[in-house]
Amino acid sequence: MGLVVDLTTVGAWELTYYQKHTGNLQNRRIRAPLLEPIELPYLTDKHIFLVGATSLKAKPSWLRAGYFYQQIDGIHINDTLIFEGLGQVPTTEVDYTRRLIKLNAIELVIFPKITNDYRLRFEALPWIEEITLGVWEYVGTESDSTEDLIQSVRAKLETLEFKIDSL
């Protein structure tokens, strides 16, 4: 029981992000990541993705590209307890889930449905000089077999109630 989707249906995937990013080689001197974190420029309510990360400059022994994050915005807390001396920020954002993405591959990523919409971020591993990132969202049909079972039981219960009321 759980999520039921047909990932192979034609038109089930929509490319929502595709871009090549080049890092700053000067960051090697200060031991900083070569590529800045990549904030995808949109909010999404989808939770099934294909994420592809390729690099022509990667060494053959490199297997990992970086991390793909589900980032939730608009959380209202009093953060002055943690960040003493700084003014209170009205809302904050938190990283909820992250997935390791392989290099020169396409990964299926399924994030939990915890909020109506959220942001996505990709952080390349510190030694990656350049990367091409592609993100597809699953826009096909999906259902939850548990939810379908509950609906079936409700329908049968209504039928039973109608028959009992008829007696």
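How many helices and strands does the protein have? In this predicted model, the protein has one helix and ten strands. Read from the N terminus, the order of the elements is β-β-β-β-β-β-β-β-β-β-α. The protein has 167 residues, and 29% of them count as buried. Among contacts with a separation of 6 or more, 81% are between residues 24 or more positions apart. The accessible surface comes to about 11300 Å², and carbon and sulfur atoms account for 56% of that area.

Four of the strands form an open sheet in the order β3-β8-β5-β6, and the pairing is antiparallel. Strands β3 (38–39) and β6 (92–102) are the edge strands, each of which pairs on one side only. Within the sheet, β5 (residues 64–75) is joined to β8 (residues 119–124) by six bridges in the antiparallel sense. Strands β5 and β6 also run antiparallel and are joined by nine bridges. Single residues show how these pairings are arranged. G66 has A124 of β8 as its bridge partner. F68 stands opposite F122 in β8, and the bridge partner of F68 in β6 is R99.

F68 and F122 also appear in the largest nonpolar core, which has 25 residues. Together with L40, F49, I131 and L133, these two residues touch the most other members of the core. Strands β4 (48–54), β5, β8 and β9 (130–138) are the elements that give two or more residues to this core.

A charged residue in strand β9, E137, was examined next. Is E137 buried or exposed? E137 counts as buried because its relative accessibility is 8%, and the limit for a buried residue is under 20%. Leaving aside residues up to four places away in sequence, E137 touches A12, W13, E14, T16, Y42, T44, K46, I48 and F49. One of these contacts, T16, lies 121 residues from E137 along the chain, yet the C-alpha atoms of the two are separated by 6.7 Å.

The structure holds six salt bridges. One of them joins R121 to D95, with the closest N and O atoms 2.8 Å apart. This pair links distant parts of the chain, since R121 is in strand β8 and D95 is in strand β6, 26 residues apart. R121 also forms a salt bridge with E123, where the closest N and O atoms are again 2.8 Å apart. D95, R121 and E123 are thus linked in a network of salt bridges. R121 counts as buried at 7% relative accessibility. D95, at 41%, counts as partly exposed, and E123, at 26%, is likewise partly exposed.

Another salt bridge is formed by the side chains of E107 and R99, with an N to O distance of 3.8 Å. E107 counts as buried because its relative accessibility is 12%, whereas R99, at 28%, counts as partly exposed. R99 is also the residue named above as the bridge partner of F68.

On the surface, L3, L7, L108 and I110 make a nonpolar patch of about 290 Å². L7 is placed in the loop between β1 (3–5) and β2 (13–22). With a relative accessibility of 30%, L7 counts as partly exposed.

Definitions and conventions: Residues numbered from 1 in each chain as written. Predicted model: local features only at pLDDT ≥ 70, side-chain atom pairs only at ≥ 80, totals over all residues. Heavy atoms only, no water. Buried < 20%, exposed > 50% of the residue type's maximum accessible area, 1.4 Å probe, protein only. Contact = heavy atoms within 4.5 Å. Areas by Shrake-Rupley, 256 points an atom, 1.4 Å probe, with all protein chains shown as cover. Pairing = 2+ DSSP bridges. Core = buried A, V, L, I, M, F, W, Y, C linked by side-chain atoms within 4.5 Å. Patch = residues over 30% accessible without salt bridge, like charges linked within 9 Å, V, L, I, M, F, W, Y side chains within 5 Å. Salt bridge = Lys/Arg side-chain N within 4 Å of Asp/Glu carboxyl O.
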